[in-house]
Amino acid sequence: ARHVRLRWERPPPAPPPPAPPPSRRCPCARTNNNERCCNKSNIAKMLRKLLLLGAMAAAMAQDGGLYAEYARAREARPAQRGEMLKTAGWFGLGFGISHLWARAAKRKLRKDHKETLRRYAQALLEANGQVQQLSNELYQRQIDDLEQDYSEFKAPDSNGDDQITKPEFMAYMRQYVASQPGLSLSDFPTFEEWDLNSNGKVTFKEWQ
């Protein structure tokens with residue numbers, strides 16, 4: 001058997017540890033006067049804070065400063081909000097009243113329109129009744145006049161043939177004038193004036 005000689009190798013060295021973070025201590029910590037230096041640094045910080053507070057106080061005390069303006073705006077904000085709410089309330093009240101008024105006006109206009117239509121229909125009915133009454137009266141008057149004319153026409157017609165001859169006319173006129181004293185035949189139209197077509201006979205149409 002052949003023997004194999006193993007060789008031992010050294011492991012690589014470990015990496016160095018990370019450097020510690022820089023110390024926040026006073027840079028004079030390595031010196032002998034560290035306490036005195038730290039006291040000076042603290043005093044400087046306090047002075048800077050005091051100066052900053054003084055500047056802020058001066059700005060707050062100044063009338064025209066930003067903080068005063070902000071404070072005044074903040075104080076006036078509730079009043080402005082109240083004015084806005086008051087304005088919105090008045091606007092809403094006015095809108096509601098105008099809406100109610102418009103609805104009432106529309107309802108009144110519709111009611112007046114219906115009333116006008118009713119009166120117009122009633123007036124038409126009354127006018128129609130009056131026209132019908134006048135038409136009936138006129139028709140009745142025409143009938144009465146026609147009947148009166150026909151009765152006057154039938155008075156000279158002795159034979160009843162709806163025609164008046166000259167002998168019938170003259171006989172009737174002599175009888176009528178004799179019953180009316182003070183009248184003569186010359187006061188009445190002659191037979192020729194009634195006989196429009198000159199045929200020797202007078203019809204009811206010519207008599208009218």
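Is Glu 192 buried, partly exposed or exposed? In this predicted model, Glu 192 counts as partly exposed, because its relative accessibility is 48%.

**First stop: a link between two helices**

Keep Glu 192 selected and add Lys 166, since the side chains of these two residues meet in a salt bridge, with N and O 3.1 Å apart. This pair ties together distant parts of the chain, with Lys 166 in helix H3 and Glu 192 in helix H4, 26 residues apart. Lys 166, at 39% relative accessibility, also counts as partly exposed.

**Second stop: Glu 168**

Stay in helix H3, which spans residues 166-179, and select Glu 168. Which side chain of opposite charge is nearest to Glu 168? That side chain belongs to Lys 154, but it is 8.9 Å away, and Glu 168, although buried, has no salt bridge. What the side chain of Glu 168 does make is a polar contact with the side chain of Ser 158, at 3.1 Å. If you then display the surroundings of Glu 168, leaving aside neighbours within four places in sequence, you will find it in contact with Pro 156, Asp 157, Ser 158, Asn 159 and Gln 163.

**Third stop: Asp 157 and Lys 154**

From that set of contacts, select Asp 157, and add Lys 154, with which Asp 157 forms a salt bridge whose closest N and O atoms are 3.2 Å apart. The two partners can be described separately: Asp 157 counts as buried because its relative accessibility is 6%, under the 20% limit, whereas Lys 154, at 25%, counts as partly exposed.

**Fourth stop: along helix H2**

Now move to helix H2, residues 66-154, and select Glu 115 and Arg 119, which both lie in this helix, 4 residues apart, or about one turn. Their side chains meet in a salt bridge, at 3.3 Å from N to O. Adding Arg 118 to the selection completes a network of salt bridges that links Glu 115, Arg 118 and Arg 119. Within this network, Glu 115 is partly exposed at 28% relative accessibility, while Arg 119 counts as exposed at 54%. A search of the whole structure finds 6 salt bridges.

**Fifth stop: the nonpolar core**

Which residues make up the largest nonpolar core? Select Phe 153, Ile 164, Phe 169, Met 173, Phe 191, Val 202, Phe 204 and Trp 207, the 8 residues that form it. At least two residues of this core come from H3, and at least two from helix H5 (204-207). As background, nonpolar side chains in soluble globular proteins tend to be buried together. Center next on Met 173, which, not counting residues up to four places away in sequence, touches Leu 185 and Phe 188.

**Last stop: residues 191-208**

Finally, select residues 191-208, which an unreviewed UniProt entry annotates as "domain: EF-hand". Over this stretch the chain is 44% helix and 11% strand, and the C-alpha atoms at its ends are 14 Å apart. Inside it, pick out Leu 196, which sits in the loop between helix H4 (191-194) and strand S2 (201-202). Leu 196 counts as exposed because its relative accessible area, 64%, is over 50%. To end the tour, add Glu 206, which lies 10 residues from Leu 196 along the chain, and note that the C-alpha atoms of the two residues are separated by 6.7 Å.

Notes: Residues numbered from 1 in each chain as written. Predicted model: local features only at pLDDT ≥ 70, side-chain atom pairs only at ≥ 80, totals over all residues. Heavy atoms only, no water. Buried < 20%, exposed > 50% of the residue type's maximum accessible area, 1.4 Å probe, protein only. Lys, Arg positive; Asp, Glu negative; His and termini not counted. Salt bridge = Lys/Arg side-chain N within 4 Å of Asp/Glu carboxyl O. Polar contact = N/O pair within 3.5 Å; in protein donor to acceptor, adjacent residues only side chain to side chain. Contact = heavy atoms within 4.5 Å. UniProt positions renumbered as here; feature names shortened; annotations may be inferred. Core = buried A, V, L, I, M, F, W, Y, C linked by side-chain atoms within 4.5 Å.
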